[in-house]
Amino acid sequence: MVQHVLNWLDERLDLSGLKHFVAEKGVPVHTQEVWYYLGGLTLFLFAVQVFTGILLLLYYRPSATEAYESVQFIVTRVPFGWLIRNIHSWSANLLIAAAFAHLFSVFLLKSYRKPRELTWVSGMLLLFLMLGFGFSGYLLPWNELSFFATKVGTGIAGSVPLAGPFLLRLLRGGDDVTGATLSRFFGLHVAVLPAISTALVVLHLLFVQRQGMSVPRRIERALKPGEKLRQMPFFPNYVLRDVLLWYIALAALAALAAYAPWDLGKKADPFAAVPPGIRPEWYFLAMFHTLKLIPSHVLGIEGERLGVLSFGLVTVFLVFVPFLDRRSRDGRNSPLFTALAIAGVGYLVVFTILAQLAK
Amino acid sequence: MTDPAGFPSTAAAGTFDRRRFLDALLTVGFVSTAASIAYPVARYLVPPESGEAATNSVVAGKASALKPNSGVIFPFGSRPAIVVRSSDGEFSAFSAVCTHLECTVQFKTDTSQIWCACHNGLYDLAGNVISGPPPRGLERFTVNLRGEPGAEDIVVSRKT
């Protein structure tokens with residue numbers, strides 16, 4: 001039956017190229033191959049987000065008067081609504097975690113070295129988009145925590161030098177966080193970001209398919225002249241392993257959604273005092289804590305402004321890592337960039353923990 | 001013989017049954033996963049019953065505000081209803097949902113009839129169909145006037 005359909009399509013579309021690709025594609029087998037799974041995991045979680053996000057759209061209402069109630073309706077009245085909403089929230093968090101792990105594994109293995117610079121750049125842009133998803137999605141239930149976190153978050157954007165005030169109004173749709181902000185964040189979250197990230201994901205995957213998996217330099221160097229790495233067929237061997245990991249992720253999502261559901265909290269009240277313990281999502285905590293620690297004025301520059309400026313520089317640096325790390329490009333060891341990657345992980349872990357502890 | 005990943009690539013004699021068994025196991029696994037996703041999704045797609053309690057009684061307005069030979073539409077729960085006052089001052093109220101295709105009907109002053117503009121359905125002031133496509137008359141509600149004389153509320157209730 002399947003063969004019949006394939007033949008029918010082949011006669012009309014000539015699938016020989018695709019067939020060849022499927023039959024020939026291999027994944028190198030070596031001691032560091034475990035890192036290859038992180039990209040696939042991130043992709044799976046992204047698919048979960050698209051799927052559950054579309055389902056949530058059926059009942060969600062993006063307005064200040066109805067958003068909270070509609071989420072409440074989803075989790076209390078709609079059959080399995082609690083499951084869909086909690087899987088969406090949990091998957092979002094695991095997605096960011098997987099993307100960060102993917103980023104740092106690629107960083108430490110220097111897989112961005114020539115010829116994979118563009119794969120890295122597209123991946124970095126995807127990570128920023130995912131953070132944008134997280135930031136905009138956090139506001140959508142319109143509860144107290146997300147309302148004030150968005151106030152603070154957009155306020156930080158407001159301290160960007162020069163463009164700050166403009167950015168602030170652009171993000172908020174006015175001077176304050178109101179229903180207008182909710183409309184904007186909603187449009188961003190369900191139309192703008194998905195469109196851009198889908199295109200980028202396709203591009204990212206095309207690059208990976210075109211170039212094959214990168215082999216870490218240490219392993220490449222250990223090969224004797226003329227020796228080739230063992231390859232595992234992508235179909236079905238590697239795919240089945242991928243699917244196995246996806247199964248585990250799915251089980252973890254279901255378990256987390258059932259046993260650790262996300263609190264909806266209290267409806268946002270613009271005229272209420274800020275409740276204690278206001279904080280952004282965990283993946284912004286390190287940044288949040290850094291801003292808290294910077295003194296109000298450093299060398300005559302406003303502390304917050306300085307913080308935002310440095311985050312901007314780090315962002316630009318991260319995007320251009322493959323072009324800055326010339327030693328890796330030329331096939332030499334690059335201890336400086338290894339140290340930078342480790343420092344980056346260390347900073348994120350330590351500051352996230354510090355922010356958690358600081359009440 | 002094994003392929004590079006260590007998987008048997010050619011089935012030795014006697015392994016065919018094992019492979020078939022494993023294939024069947026995998027299929028059962030995938031199908032049950034698909035089912036356990038499809039079931040909640042299918043249930044989720046069907047909206048729950050409306051959360052609102054059924055409305056049984058509503059104040060449509062002041063009796064003095066409704067002139068003879070006129071009608072006004074008001075919300076009865078989540079659906080529109082119409083209260084009309086005939087030329088001789090009698091009040092009556094109906095569901096304003098046309099029985100044909102659920103358009104909202106209106107009072108026609110020139111003929112003193114209830115009229116649906118969608119497909120030209122006509123009802124008399126007892127809610128019965130006069131002409132047009134509606135299959136049956138409008139649902140009729142009970143009207144009571146309550147309050148101080150001269151300032152009575154029109155209370156419309158569902159017939160029990």
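## Close-up views of a two-chain predicted model

**Figure 1. The surroundings of W142(A).** Leaving aside residues up to four places away in sequence, W142(A) touches A64(A), A67(A), Y68(A), F147(A), L182(A), K267(A) and A268(A). Please keep in mind, here and in the views that follow, that this is a predicted model. W142(A) also appears among the residues with the most contacts inside the largest nonpolar core, alongside L45(A), I87(A), L95(A) and A98(A).

**Figure 2. The largest nonpolar core and its contributors.** This view widens to the core itself, which has 54 residues. Two or more residues each come from α3 (36-57), α4 (67-76), α5 (81-109), α6 (117-139), α7 (144-158), α9 (179-211), α11 (234-259) and α16 (335-357) of chain A. Helix α5(A) gives the largest share, with 14 residues. Another core, of 20 residues, lies apart from this one, and includes I82(B), A96(B), V105(B) and I114(B). As background, nonpolar side chains in soluble globular proteins tend to be buried together.

**Figure 3. Chain A as the setting for the core.** Stepping back for a moment, we find 16 helices and four strands in chain A. Its radius of gyration is 23 Å, close to the 21 Å that the globule rule gives for 359 residues, so chain A is as compact as a globular protein of that length. Along the principal axes, the C-alpha atoms of chain A fill a box of roughly 70 × 60 × 35 Å. Of the 359 residues in this chain, 28% count as buried. Among contacts in chain A with a separation of 6 or more, 77% are between residues 24 or more positions apart.

**Figure 4. L318(A) and a partner far away in sequence.** Here the view settles on helix α13 (residues 303-319) of chain A, where L318(A) is found. L318(A) has 18 other C-beta atoms within 10 Å, so it is partly exposed. F107(A) is 211 residues from L318(A) in sequence, yet the two are 9.7 Å apart in space, C-alpha to C-alpha.

**Figure 5. Where the two chains touch.** Chain A brings 13 residues to the contact and chain B brings 10 residues. On the side of chain A that touches chain B, two or more residues come from each of α5 and β2 (231-233) of chain A. Helix α5(A) supplies the largest share of that side, three residues. By type, the chain A side divides into eight nonpolar, three polar and two charged residues. Readers may recall α5(A) from Figure 2, where it gives the largest share of the core.

**Figure 6. An open sheet in chain B.** Chain B has one helix and 10 strands, and the helix comes before the strands when the chain is followed from the N terminus. Four of the strands form an open sheet in the order β5-β6-β7-β8 (chain B), with antiparallel pairing. At its edges are β5 (106-108) and β8 (129-131) of chain B, each pairing on one side only. From one strand to the next, the twist averages 40°.

**Figure 7. The pairing of β5(B) with β6(B).** This last view moves in on one edge of the sheet. Strand β5(B) runs antiparallel to β6 (residues 113-116) of chain B, and three bridges join them. K108(B) stands opposite Q113(B) in β6(B). For the chain as a whole, 16% of the 160 residues of chain B count as buried. Residues 24 or more positions apart account for 35% of the contacts in chain B with a separation of 6 or more.

Technical notes: Residues numbered from 1 in each chain as written. Chains lettered and ligands numbered in written order. Predicted model: local features only at pLDDT ≥ 70, side-chain atom pairs only at ≥ 80, totals over all residues. Core = buried A, V, L, I, M, F, W, Y, C linked by C-beta atoms within 7 Å. Buried ≥ 20, exposed ≤ 12 C-beta atoms within 10 Å, placed from the backbone. Contact = placed C-beta atoms within 7 Å. Nonpolar A, V, L, I, M, F, W, Y, C, P; charged D, E, K, R; others polar. Pairing = 2+ DSSP bridges. Axes fitted to C-alpha atoms, helices over the stretch in contact; angles between N-to-C directions. Rg over C-alpha atoms; globule rule 2.2 N^0.38 Å.
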